[in-house]
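Subject: Structure for you to look through

Dear colleague,

Here is the structure I said I would pass on to you. Please open it beside this message and follow along as you read.

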Amino acid sequence: MNHDFLLLLPVIIVGAGAVLLMLRAAFGKLALDSASVVCMCIFGLAFAAQACSALAGPEVPFKAAFNGMLMVTDFTRVAGLIILGCGFFTAMSSRSYFKENRFGLEEYYSLITFAAFGMLLLTMSHELMTAFISLEIMSLSIYILVGFNRRCVTCAEAVLKYLMLGAFTGGFFAMGTALIYGGLKSTKFEVIASAVATHGFLHTPALVGGAFFIIFAFLFKVAAFPFHAWVVDVYDGSSIPVTGFMATALKTAVFAIFANFLMLDPGLKGAWVTYLFYISILTMFGGNLIAIGQGSIKRMLAASGIVHTGYLLIALVAVSADRFTGSVILYYLAAYSVSTLGIFAALSYLSGAGEVRSQFEDFKGLARTRPYSAAAITIFLLSMAGIPPTAGFMGKFYVITSAIQAGQVTLAVLGIVSSILSMWYYLRLIINMYFHDAHESFESECTVFAPACTLILAVAVFAISLYPITL
Amino acid sequence: MEQTAHFYLGLIPLMPLIGAVLIGLMHVTTCRGHRFPDKLYAVLACIGPVLACIMAFQVFTILKTLPVEHRILVHKVFTWFSVGELNISMGFMADPLSSLMILFVTFIGSLIHIYSIGYMADDKTYAKFFGYMNLFLGSMLILVLGDGPVVMFVGWEGVGLCSYLLISYYNEDSSNVLAGNKAFIVNRIGDLGFVLGMAFLFWAIGAQGFDYISLKANAHLLPQATAMLVCLLLFVGATGKSAQIPLYVWLPDAMAGPTPVSALIHAATMVTAGVYMVARFSFLYVTVPDAGEIVAWIGILTALVSAIYGMFQDDIKKVLAYSTVSQLGYMFAGVGVAAYSAGIFHVFTHAFFKALLFLGAGSVIYAMHHEQNIWKMGGLKKKLPVTYLTMLVGALALSGCPPFSGFFSKDEILFSAFASGHKAIWAIGVLVAGMTAYYTFRMIFVVFHGEPHSKSSYDHAHEPPPVMTVPLVLLAIGALLAGFFNLPELFGGHQMVSSWLEPSVLDHHAHAEASTEWMVMGSSVLAFVIGFSIAYVKFAKGAQLPVFTGFAKFAYNKFYIDELYDMLFVQPYKSIGAIIWKDFDPNVTDGPRKAISWLYGAIGDAFRLVQTGYVRVYAIYMVIGLSLISLLISQTLN
């Protein structure tokens, strides 16, 4: 029982912290700046607890306590670590962001914490209703965060689009759950797994239909082709720290449950490999093509997020369901999260009041006036493009190696081609920063938080690249 | 005892390298703001070389206590890399040859470091200079101590780099930078030969181990043709580093660097690396006498050609530079006729007297406020007595006057050539000896005797500080006495150096009658006397700037070799580069690339239109995707 408690501790800390933050904010007892610090503390504490649990012991299904609805494995532990890290750095850079963009409220930090709570639960879910509830906890918090700046028209547009399409997807998920329950009289993953193992996936029509809808909901959340179209508008409309949080933590959480669900049985995964194969190719190249046409950095990053989803789908195709560790997926997620969060942290203090600097052209000559920020952004971009010795390179390396080991040579080659094409828009920003004269001084009245966050993440880009994993 | 020697072996190259890193870091961190005092750098820079010198002595004495056949110590520090059959460790080896080399390299290196404290005073980037110098010394010691060709190559490239950095040291003047570039590029050509030679050697017999000991043991397995090829390719490397025909052109230009650099790198140590390498690979060269023949001929012809150039130079450092090339030619003639110990002995004595001459020239230049033209000097004997006397010793040693050191070493080479039947090489050698005496004393007389040519700079001239003159005196003692280390049996000596080197190099001992030996020696002395007399008659009483005509003009312009190389190699190369750059690259290779990038941009722009911004359209995409895949799934179900 003690052991169970340790495993659940991060979720408890984050959940309790979110409620606490919300209450304090409701009674006006907390200044905005202290709210961010409290939020960082919550995430830091939960991260430490999660790290302890990751070091502590073997996987434990919560049989007694939660009737098998939750399950903790090494995979979910590390996914939780990534999510908590993302939350920490988002809270950190938000503080600087709200120095210039004065629409921040104390509830903002509470919502971030709530979203992280939902994500943590989502990674651990071992049952469809739990997954649905945690998915909705996460999504609802994120909807509010996207539309947090109520005076901004693009924000309203973004939240409307996201909410409509998200509701659409939530419907899919619920319908899939209903179908599976109808077929199997249970929503537990274990039951699904044993049903697939005994009868075969394709011989249970309710299961085929149910899994179909559920996987579509996941594909929508990670913005895979052809469910990617919302991403660009939504990322563009939301404020920078929120975009960073969505792009990283949300993707990590959804990929965790996606992988957990898909790896229930080799039969289930095997039936989906062909579709995921095409979806990942279309996602990579579609994302690349969208990114090339963009003039705004946020939109470009949104589109590049689609491309990274494509890589993660390759990893998903390549992992073997028999002995699933998910190390490649997690490594790629960690590498991607660090670089993406880094860029958004840098943007959150560089883009100025009201995010006036949003286009590629606005960052001309950044290297002349703010060489360190420009260098950090360059590191993040190179990591996203997959240039050694960054974490992004190692992530792509592992993904492509695992694809080759799984016999998916076509995917590996297309992955490399796509990574070459992605240089187009990553280098475009570097060129703008380094090979033009500065027209302005890029001064901002920011606190030390976001720059410190950028520095830590820039170091992390190299640190993660040194961390070895086994495929 | 041997343990101590092992310990020292690893430390010897490390000492100057640590100094280089330390000085470099200190310089880099402080070059913008407050600088450390120059004295601190001076002390730091000298510690490494001096410690290395003391350890080199230790190693030498330890080696001396061992029985002759066991005089070899190998210290493998770590495995550097291991690929297939190629196992390379970072190992250092002390045997008689390398211990002799490190002895005088560290000794002269230390003296020149001390001298530089005075010479480089008031330099703006004092620390940078000493950083480079320490780096050079460390690389040179790696070169000499390396236990195999690969480790030697590390040092070989290291000294090349430092040479480049120090030639271009005064980089405000673009001609100095060009001189550095020239040295580097010409050396690269040589390096290619070295690398190819190494590759062939590894391909043939490297599988059983690629250090000198294994190579020596397996040398007999090498087919004759391969051995010939390897020897010649290695020699190409040597012609680059040691400035022999056809790659000698960089050394005179290298005098653009500060004078201590010319003394240390371009006279005493680095340029002799080629000779050392040939001696090191003597086990290969003895198997193919033809290769040795080529080495000897290239050497003696280089000696002749550069002695001719030397007779017509008017820059004091250029005179010395050509004399260096010429003396290097002698050394190659020596190792070419399989008299390896004679060649190395000349490296040894030459290091003393040429370093001495360069440092002397440095103090003349220092006194004359960076004037290098000998025709603007004159009469400096009274103003610079110490410099004059020490340089006189150096000049006598260089021109081979008995009993100065140069006489013994040069004579040994000439005797070996004669005794081994290379009479033509011997004859040219004697001729060059006469020319050497002529141009050396031409320089001495014009600079120190006669009337001052430039009154104002003469009046301001003064003897440099003791930190510069003391090394001069020490080197003069060395130049005077170094020859006695290898006193031939004719004079009752025991040829200490030759017998010391015996285990390392496979000497071919030529035997001849004592009368022949007397004759050879006599002709050398005669050549010296003739050369000296001509110089005395022409220049001792003062001479004016000569006007060169005919052959003299041709020689003054160095036979227009630089221009010829420029026309034959540099210009065609440049024009090919220009064609590729201006025509081929933009039109041919860039064409497809531009087309692809345009195409992709166009597709990207088209795709952007799909992002309409209408949420209903996005929902339609989802529905279409959903329908397509459900269709596919229903296909599979059937």
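What follows goes through each chain and then the place where the chains meet.

Please keep in mind throughout that this is a predicted model.

I will begin with chain A, which has 19 helices and 2 strands. Of its 471 residues, 62% count as buried, and among the contacts in chain A between residues at least 6 apart in sequence, 81% join residues at least 24 apart.

One helix of this chain is worth following by eye, namely α17(A), which covers residues 391–405. It has 15 residues and reaches 21 Å from its first C-alpha to its last, which is close to the 21 Å expected at 1.5 Å a residue. Which residues of α17(A) are buried? They are Ala391(A), Gly392(A), Met394(A), Gly395(A), Lys396(A), Tyr398(A), Val399(A), Ile400(A), Ser402(A) and Ala403(A), and you may notice that a lysine, Lys396(A), is on that list. The elements that cover these buried residues include α13 (297–318), α14 (327–350), α16 (371–385), α18 (409–434) and α19 (449–465), which belong to chain A. After α17(A) comes Gly407(A), whose phi is positive, near 85 degrees.

Turning to chain B, you will find 25 helices and 2 strands there. Of the 638 residues of chain B, 53% count as buried, and residues 24 or more positions apart account for 82% of its contacts with a separation of 6 or more.

The two strands are a good place to start in this chain, with β1(B) at residues 73–83 and β2(B) at residues 86–94. They run antiparallel and are joined by 9 bridges, and Phe78(B) stands opposite Met90(B) in β2(B). Together β1(B) and β2(B) form a hairpin with 2 residues between them, and in the turn Gly84(B) has a positive phi of about 55 degrees.

Next, please look at helices α3(B), residues 96–119, and α4(B), residues 126–145, which pack at an angle of about 175 degrees with their axes 10 Å apart. Because an angle over 145 degrees counts as roughly antiparallel, α3(B) is roughly antiparallel to α4(B). Where they meet, α3(B) contributes residues including Met101(B), Ile102(B), Val105(B) and His113(B), while α4(B) contributes residues including Met133(B), Leu137(B) and Leu141(B). The residues of this contact divide into 9 nonpolar, 4 polar and no charged.

Further along chain B, Leu526(B) is found in helix α22(B), which covers residues 514–539. Is Leu526(B) buried or partly exposed? There are 13 other C-beta atoms within 10 Å of Leu526(B), so the residue is partly exposed, given that 20 or more would be needed for it to be buried and 12 or fewer for it to be exposed. Leu526(B) and Val430(B) are 96 residues apart in sequence, and from C-alpha to C-alpha they are 9.0 Å apart in space.

Finally, there is the meeting of the two chains, where 20 residues of chain A are in contact with 23 residues of chain B. On the side of chain A that touches chain B, at least two residues each come from α7 (153–184), α9 (205–221), α10 (229–237) and α12 (266–293) of chain A, and the largest share, 5 residues, comes from α12(A). The residues on this side of chain A divide into 17 nonpolar, 1 polar and 2 charged.

With best wishes

Note on methods:
Residues numbered from 1 in each chain as written. Chains lettered and ligands numbered in written order. Predicted model: local features only at pLDDT ≥ 70, side-chain atom pairs only at ≥ 80, totals over all residues. Contact = placed C-beta atoms within 7 Å. Helix = DSSP H or I, 4+ residues; strand = E, 2+ residues; numbered from the N terminus. Nonpolar A, V, L, I, M, F, W, Y, C, P; charged D, E, K, R; others polar. Axes fitted to C-alpha atoms, helices over the stretch in contact; angles between N-to-C directions. Parallel < 35°, antiparallel > 145°, perpendicular 65-115°, else oblique. Expected span 1.5 Å × (residues − 1). Pairing = 2+ DSSP bridges.
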